[in-house]
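Visitor: I would like a close look at the charged pairs in this model. Could you walk me through them, with the cut-offs spelled out?

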Amino acid sequence: MMPQEQLVGRQAELGQLGRAYLAADSQLALVYGRRRIGKSFLLSHFVAPYPNIYYQATQQAESEELKSFTNAVRAALAEAQLPPDYSFASWEAALEYLTENYRRPKRLVVVLDEFPYLSDSTPGLASIIQRWWDRKGKKARDLMLVLCGSAQTFMESLDGAAAPLHQRFTVKVRLGPLDYRAAAAFTPNLTPADRARVFGILGGTPLYLRQWNQERSLRDNLLALFGDPGSGLVDSAELVLTADLPDARASYRVLQAVALGATKHSEIKDKAKVTSERSITRLIELQLLRKMVPATDHPDRTRRSVYRIADPYFDFYFRFIATNRSAIDRGLGEQLIDGTILAHLDDHMGHIFEDMGRYFATELIKRGELTADAVGSWWSTDGQHEIDVVGTSRLVPTFIGSVKWRDRPLDRAVARDLERDARALGIGEEAPRLLIGRQGAGDLTGLAHYRSISIDDMYI
């Protein structure tokens with residue numbers, strides 16, 4: 001399987017797999033992440049320099065899957081002595097064949113993509129692999145076996161305490177969305193502000209980002225991607241949920257409630273009409289929902305928490321698209337784009353830009369320009385004070401910042417508000433202050449500890 005396009009923003013994961021390949025010991029890898037996140041694309045780049053057998057399951061019967069896998073082995077290994085009409089009788093036979101017959105200077109990578117489909121057609125496949133690994137696989141240094149899949153719950157369960165493959169995996173890669181800076185590589189011709197808007201709409205999923213046409217306007221892209229009932233983005237969020245959650249309806253309602261303004265636990269359960277904690281907990285585990293606590297509170301000890309949708313695409317979808325699906329299906333997508341989405345997009349971008357600001361602050365820490373071991377936000381118990389960016393070292397504030405998605409430089413009024421909130425937090429005047437805005441800040445004369453950051457700065 002040869003990659004056709006450049007790999008963007010996956011250097012860490014590619015390096016992780018590369019180090020495993022070069023390791024002396026036998027390797028059994030687990031690669032997973034939600035649909036459309038780029039797992040197969042990553043693996044196609046990983047295996048390209050090496051001898052490989054890349055097999056993607058197709059939801060067929062076991063005999064058909066084995067026949068197709070045999071053909072993949074025959075095509076990949078010229079020296080394979082497999083008659084044209086021969087098929088492996090079982091997965092045990094297939095793994096045994098590769099273990100006994102592959103001998104080359106370079107290790108062979110065998111990828112079983114869409115592994116949950118294979119497990120459906122062959123009950124107990126994980127146990128089959130476990131027996132092979134324990135008897136021969138962990139000694140077969142010429143092979144690296146990679147199991148890949150989108151059903152995150154199922155893939156995580158493969159390494160569960162009671163699972164046959166528990167503690168057998170030598171490397172595990174969970175692929176998540178790209179950050180805003182990596183996502184910008186898909187729209188290099190846009191201005192930083194427009195790149196941010198694309199991120200606020202599509203998030204960091206490569207497949208979605210590839211669909212944005214840089215030659216067309218914001219409105220035209222919204223019409224094509226969300227105004228047309230035939231667009232895959234109109235129902236992609238629902239498909240992701242159903243792939244991981246047996247009963248996605250409760251999770252759907254939870255995300256809908258959060259997108260429409262319910263941020264506290266009790267509010268979410270009330271509006272979503274859920275009684276079990278499981279829906280909220282599972283969405284957090286799947287990294288679709290994020291639980292936030294004040295930066296100075298210990299996350300395991302505080303009761304002060306709010307919930308946000310973690311992925312911008314899901315946030316956008318459940319705010320604007322989910323409640324208007326019937327209108328889109330009736331051909332009223334243009335009215336939705338013009339009357340609702342474009343009218344409220346700047347409001348939607350507010351908290352997206354705050355997340356971007358916190359991410360950029362983390363980048364400044366990595367560069368050595370700020371000091372902290374964590375970055376979050378903070379709000380007072382009485383609800384009168386809130387700070388968008390708070391860096392902390394062992395829960396003690398080290399710097400603070402204000403983030404505003406407004407199309408003019410941030411003025412001294414923003415600085416005064418930040419100082420008022422800083423006094424409530426109890427942070428000293430000497431601590432660095434950040435003013436993060438699309439056009440940065442205006443005159444900072446006399447504000448020695450203030451730093452202006454524009455959206456241009458955030459994309460350098």
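Visitor: Before the salt bridges, how many helices and strands are there in the protein?

Guide: Happy to help. The protein has 20 helices and 12 strands; these are DSSP runs, H or I of at least four residues for helices and E of at least two for strands, numbered from the N terminus. This is a predicted model, in which local features need pLDDT of at least 70 and side-chain atom pairs count only at pLDDT 80 or more, while totals for chains, interfaces and linings use all residues. Residues are numbered from 1 along each chain as its sequence is written, and side-chain values use heavy atoms, with hydrogens and water left out.

A little background on the whole protein comes next. The radius of gyration, taken over C-alpha atoms, is compared with a globule rule of 2.2 Å times the number of residues to the power 0.38. For 460 residues a compact globule would come near 23 Å, and the protein's 25 Å agrees with that. Along the principal axes, the C-alpha atoms fill a box of roughly 80 × 55 × 45 Å. Of the 460 residues, 52% are buried, where buried means under 20% relative accessible area, exposed over 50%, and partly exposed in between, with a 1.4 Å probe and protein chains only.

Now to the charges. Lys and Arg count as positive and Asp and Glu as negative, with His and the chain ends not counted; each charge is placed at NZ of Lys, CZ of Arg, CG of Asp or CD of Glu. The 58 positive and 58 negative charges have mean positions 3 Å apart. Side chains of opposite charge can pair when their charged atoms come close. A search of the whole structure finds 28 salt bridges, each being a side-chain nitrogen of Lys or Arg within 4 Å of a carboxyl oxygen of Asp or Glu.

One of them joins Glu96 to Lys136, with the closest N and O atoms 2.8 Å apart. Glu96 sits in helix α4 (residues 91-101) and Lys136 in the loop between α6 (125-135) and β4 (143-149), so this pair ties together parts 40 residues apart in sequence. Glu96 is buried at 19% relative accessibility, whereas Lys136 is partly exposed at 27%.

The helix that comes before that loop also has a buried side: in α6, Leu125, Ala126, Ile128, Ile129, Gln130, Trp132 and Trp133 are buried. These buried residues pack against β1 (27-32), α4, α5 (115-121) and β4, a contact meaning heavy atoms within 4.5 Å.

Another salt bridge brings together the side chains of Asp355 and Arg290, at 3.1 Å from N to O. Asp355 belongs to helix α18 (residues 333-366) and Arg290 to strand β6 (residues 289-292), so the pair links distant parts of the chain, 65 residues apart. Asp355 is partly exposed at 26% relative accessibility, and Arg290 is partly exposed with a relative accessible area of 26%.

Arg367 and Glu369 also meet in a salt bridge, with 4.0 Å from N to O. Arg367 is partly exposed at 39%, and Glu369 is partly exposed at 37%. Finally, Glu156, Arg174, Arg278, Arg282 and Glu285 are linked in a network of salt bridges.
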